[in-house]
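Colleague: I have a new model open and would like to learn how to read it. Could you walk me through it, one feature at a time?

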Amino acid sequence: MMTTAVVADQPLVSVIWNGYGQVTAARDGVAALQAQGYRNFELLLVDDRSSEGECREDLRTFATHDRRIRLVPRIAVNSGESLLHLLRQCRGDYIAICPIEGHFSTDALQFAVDAFDKHPQTGIVCGENFLIDAHGKSEPEVDVVTLLF
């Protein structure tokens, strides 16, 4: 069944997940985004042409079953170039970079959109308990720079 929930009167949030061959992290990250209360997002996943067939097949399955998910071919040789390539592919009003290990809390996108709406001059949003680590624990503090790599 294809997920089609897109809300035209809400800002689109482009979410980038830039993992490489990390099957479990990809599954957890996608599941957490699909559980978001804020529904108007696109998720860009790197199709890294991984030799791990399971990861590649999972990525394709995600995109097949949820039209908000796009596979972007990997053309870069390192994570920095890959991130820049993904940023250029974003269509959203806002951009979120999903951690490779762990995921956003279920209200993180709504929290960010509300913060940008209230403070349009703001350039970056992150907050307490915004992220959930790979062990399912809330991260009380986040160094925003760590989200970039």
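Colleague: Let me begin with a single residue. Which residues does Asn-18 touch, not counting residues up to four places away in sequence?

Modeller: Happy to help, and please keep in mind that this is a predicted model. Leaving out residues up to four places away in sequence, Asn-18 touches Val-46, Arg-74, Ser-79, Ser-82, Leu-83, Leu-86 and Ile-100. Asn-18 itself sits in the loop between S1 and H1.

Colleague: Is Asn-18 buried or exposed?

Modeller: Buried means under 20% relative accessible area. Asn-18 has 15% relative accessibility, so Asn-18 counts as buried. You can also look at how the chain comes back to this place: Asn-18 and Pro-99 are 81 residues apart in sequence, and their C-alpha atoms are 8.2 Å apart in space.

Colleague: Now the overall layout. In what order do the elements of the chain run from the N terminus on?

Modeller: The order is β-α-β-α-β-α-β-β-α-β-β, which gives four helices and seven strands. Of the 149 residues, 42% are buried. Among contacts with a separation of 6 or more, 72% join residues 24 or more positions apart. The accessible surface is about 8,200 Å², and carbon and sulfur atoms account for 52% of that surface.

Colleague: What should I look for in the interior?

Modeller: In soluble globular proteins, nonpolar side chains tend to be buried together. Here, the largest nonpolar core has 20 residues, and Val-13, Val-15, Leu-43, Leu-45 and Leu-109 touch the most other members. Strand S1 (13-17), helix H1 (23-34), strand S2 (41-47), helix H2 (53-65) and H4 each give two or more residues to this core. H1 gives the most, with four residues. There is also a second, separate core of eight residues, including Leu-44, Val-46, Leu-83 and Leu-86.

Colleague: Which residues does Leu-45 touch, again not counting residues up to four places away in sequence?

Modeller: The partners of Leu-45 are Trp-17, Val-30, Leu-59, Phe-62, Ile-69, Arg-70, Leu-71 and Val-72.

Colleague: How do I read a helix? Which residues of helix H3 are buried?

Modeller: A good habit is to ask where the buried residues point around the axis. For helix H3 (residues 79-89), the buried residues are Ser-82, Leu-83, His-85 and Leu-86. They cover an arc of only 160° around the axis, so they lie on the same side of H3. Try H4 next: its buried residues are Ala-108, Leu-109, Ala-112, Val-113, Ala-115 and Phe-116. These, too, cover an arc of only 160°, which puts them on the same side of H4.

Colleague: Next, the aromatic rings. How many aromatic pairs does a search of the whole structure find?

Modeller: A pair of aromatic rings is described by the distance of the centres and the angle of the planes. The search finds one pair in the whole structure. In this pair, the ring centres of Tyr-94 and Phe-116 are 4.6 Å apart and the planes are at 15°, so the pair is stacked. Tyr-94 belongs to strand S4 (residues 94-97) and Phe-116 to helix H4 (residues 108-118), so the pair ties together parts that are 22 residues apart in sequence. Phe-116 is buried, at 12% relative accessibility.

Colleague: And how many disulfides does a search of the whole structure find?

Modeller: Zero. For your cysteine planning, Cys-90 is buried with a relative accessible area of 17%, and Cys-98 is buried at 3% relative accessibility.

Colleague: One last residue: where does Asp-66 lie?

Modeller: Asp-66 is in the loop between H2 and strand S3 (69-73). The relative accessible area of Asp-66 is 0%, so Asp-66 counts as buried. Its C-alpha atom is separated by 9.6 Å from that of Leu-43, 23 residues away along the chain.

Conventions. Residues are numbered from 1 along each chain as its sequence is written. This is a predicted model: local features need pLDDT of at least 70, side-chain atom pairs count only at pLDDT 80 or more; totals for chains, interfaces and linings use all residues. Side-chain values use heavy atoms; hydrogens and water are left out. A disulfide is a pair of cysteine sulfur atoms within 2.5 Å. Buried means under 20% relative accessible area, exposed over 50%, partly exposed in between (1.4 Å probe, protein chains only). Rings of Phe, Tyr and Trp (its six-membered ring) pair if their centres lie within 6.5 Å; planes under 30 degrees apart count as stacked, over 60 as edge-to-face and the rest as tilted. The arc is that of the directions from the helix axis to the C-beta atoms. Contact means heavy atoms within 4.5 Å. Accessible areas come from the Shrake-Rupley method with a 1.4 Å probe; for residues, only the protein chains shown count as cover. A nonpolar core is a set of buried Ala, Val, Leu, Ile, Met, Phe, Trp, Tyr and Cys residues joined through side-chain atoms within 4.5 Å.
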